[in-house]
Amino acid sequence: MAQGTETSAGPPGDASPAKSGTDAYLHRRTLRRGSAGWLLLTGLGVAYVVSGDFSGWNIGLSKGGFGGLAVAMVLMGVMYACLVFALAELSAILPTAGGGYGFARRALGTWGGFLTGTAILIEYILAPAAISLFIGDYVESLGLFGLTSGWPVYLACFAIFIGIHLWGVGEALRFSLVVTAIAVAALLIFAVGAFTEFDAGRLNDIPADASAFGSSSWLPYGLLGIWAAFPFGMWFFLGVEGVPLAAEEAKDPVRSMPKALAISLAVLVFLALITFVSATGAQGANAIKEAGNPLVVALQGDGEPTALSRFVNYAGLAGLVASFFSLIFAGSRQLFALSRAGYLPRFLSLTNRRKSPYLGLLIPGVIGFTLAAWSGNGGRMLNVAVFGATISYALMALSHLVLRRREPELPRPYRTPGGALTSSVAFALACSALVATFLVDRDAAFIALAVYAVALAYFAFYSRHRLVAGAPEEEFAALAAAEAELARD
């Protein structure tokens with residue numbers, strides 16, 4: 001049994017996680033296996049991210065200019081590529097719903113597992129709340145049903161899309177795939193239209209700040225602007241690392257997970273390149289750097305809406321829905337895994353007859369809706385989410401490094417190209433991106449740290465003494481500890 005875990009009876013009214021009651025405990029906490037093949041998993045990976053192509057990334061132009069954001073996008077693309085290759089190996093070793101928490105639990109112990117899982121939860125609970133606000137803005141700007149952006153729209157988003165998730169994971173992922181395909185098709189159509197107006201001279205039309213070190217027409221805010229643009233370079237890829245959270249519900253996860261991760265990242269890299277270059281060159285970096293709907297501005301500027309700009313506006317709503325929907329899925333699975341293992345209250349991992357973690361969907365939904373209705377600051381919430389994401393990236397890359405060094409003989413159905421060097425690059429860039437969040441929104445960074453502190457206090461004083469040894473991630477770690485002890489003897 002792993003150190004720090006317990007097998008005593010659970011709370012009143014719950015099945016005991018004692019050895020004799022482990023099967024009953026886990027039976028009430030099972031997901032529907034074999035629901036997603038590589039195509040649905042690939043769609044999930046693209047869905048997590050696709051809304052970032054429609055808006056948000058362009059703010060990086062106001063931090064680093066075209067050249068600064070271009071360098072930041074390339075470096076963050078390298079970080080995600082290295083991280084995805086590392087996660088593909090880890091998810092083939094441990095194909096459970098724990099995802100990053102499970103990987104870190106094996107490599108870094110209970111503290112490392114909790115730190116990673118909490119960081120992922122911060123990302124996947126805050127991001128849907130922010131996106132619901134953006135959906136409200138789109139609904140209002142498009143004049144849909146005469147609605148204005150406000151709490152009824154946010155409530156409808158959470159209620160409808162959580163309802164689909166409660167229906168079943170297969171149905172949810174198929175819905176996500178359809179909406180994502182619409183959004184991707186719209187980005188391709190947008191790029192064709194925007195390239196007809198492309199002018200390379202517009203890429204560097206932001207005036208250079210003479211006081212910034214290393215400033216030029218391509219780097220108007222100097223070399224520091226590259227670093228400040230890191231969080232916005234991430235927007236083209238943010239969330240793709242969540243694909244392993246579907247491992248327990250995947251068909252043949254050992255094969256399908258690496259394949260889905262690789263294909264989804266390739267699609268995202270292509271979309272990032274064509275969207276970034278075509279949108280900036282169509283109207284100029286200065287025109288779109290602070291636009292809430294940069295693709296629409298890139299097509300019509302200050303003129304009247306065109307048929308294409310209207311289409312892209314509607315498609316932007318589809319992209320937001322795809323990301324909102326998939327991020328709800330990711331958050332529920334990370335919460336499910338942490339709760340099932342006792343890191344968070346165990347009742348949160350209970351599943352319904354359709355094998356959906358209903359409380360893991362409903363409670364984050366209530367939190368997300370409350371934050372959206374109360375705050376109204378989508379940008380701030382996304383910055384908090386990015387802070388949590390960068391912490392999790394660093395810890396997941398570190399987990400790969402530790403397992404490669406400590407357990408070189410561990411069976412690896414898929415091996416990361418480049419091995420430890422690949423995850424070392426991901427770790428270094430993730431740490432750089434983490435520091436860069438303080439350059440963009442210091443308040444958001446400290447808000448995330450405050451949430452982290454509360455969660456760590458809960459773990460330190462309560463839940464780490466009540467972990468469930470029978471949970472898959474805990475059993476995997478316990479087996480490793482037992483093998484290591486036998487090897488020493």
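These are my notebook entries on two helix contacts, the cavities and the largest pocket of a predicted model.

**Entry 1: α5 against α6**

I began with helix α5, residues 100–142, and helix α6, residues 151–167, which pack at an angle of about 120° with their axes 9 Å apart. I noted the pair as oblique, because angles over 145 count as roughly antiparallel and those from 65 to 115 as roughly perpendicular, and the rest are oblique. The crossing of these two helices, α5 and α6, is right-handed.

I then listed the residues in the contact: α5 brings Pro128, Ala129, Ser132, Leu133, Ile135, Gly136 and Val139, while α6 brings Val153, Tyr154, Cys157 and Phe158. Sorted by class, the contact of α5 with α6 holds nine nonpolar and two polar residues, and no charged ones.

**Entry 2: α4 against α15**

Next I looked up helix α4, residues 61–93, which packs with α15 at an angle of about 50°, the axes being 10 Å apart. That angle makes α4 oblique to α15, and the crossing of α4 past α15 is left-handed.

From α4 I recorded Met79, Tyr80, Leu83, Ala86, Leu87, Glu89 and Leu90 in the contact, and from α15 I recorded Tyr393, Met396, Ala397, His400, Leu403 and Arg404. The class count for the contact of α4 with α15 is 10 nonpolar, one polar and two charged residues.

**Entry 3: the cavities**

I turned to enclosed spaces and found five cavities of 30 Å³ or more. The largest cavity has a volume of about 180 Å³, and 15 residues line it, with Ser51, Gly52, Ile131, Leu238 and Leu382 lying nearest its centre.

Which element supplies the largest share of the lining of the largest cavity? I found that α5 does, with four residues, and that α2 (38–49), α3 (51–54), α5 and α13 (307–340) each supply at least two. The lining of the largest cavity has 10 nonpolar residues, four polar and one charged.

For the second largest cavity I noted a volume of about 80 Å³. It is lined by 13 residues, and Tyr124, Pro128, Ile328, Pro364 and Gly365 are the closest to its centre. Two or more residues of this lining come from each of α5, α6, α13 and α14 (358–375). By class, the lining of the second largest cavity divides into nine nonpolar and four polar residues, with no charged ones.

I marked Pro128 in my margin, since I had met it twice: Pro128 of α5 takes part in the contact with α6, and Pro128 is also among the residues closest to the centre of the second largest cavity.

**Entry 4: the largest pocket**

Last, I looked up the largest pocket, which has a volume of about 630 Å³. Of its 24 lining residues, I wrote down Ile122, Ile125, Leu126, Ile367 and Val451 as the closest to its centre. The elements giving two or more residues to this lining are α5, α14, α15 (378–406) and α17 (442–461). The lining of the largest pocket has 21 nonpolar residues, two polar and one charged.

Reading back, I see α5 recur through these entries: α5 packs with α6, gives the largest share of the lining of the largest cavity, and is among the elements that line the second largest cavity and the largest pocket. Helix α15 also appears twice, in the contact with α4 and in the lining of the largest pocket.

Note on methods: Residues numbered from 1 in each chain as written. Predicted model: local features only at pLDDT ≥ 70, side-chain atom pairs only at ≥ 80, totals over all residues. Heavy atoms only, no water. Axes fitted to C-alpha atoms, helices over the stretch in contact; angles between N-to-C directions. Left-handed = near helix turned anticlockwise from the far one by under 90°. Contact = heavy atoms within 4.5 Å. Nonpolar A, V, L, I, M, F, W, Y, C, P; charged D, E, K, R; others polar. 1 Å grid on protein atoms, 1.4 Å probe; cavity = no way out; pocket = protein on both sides within 12 Å on 5 of 7 lines; lining within 4 Å. Points joined across faces, edges and corners; volume = space filled by probe spheres on them. Parallel < 35°, antiparallel > 145°, perpendicular 65-115°, else oblique.
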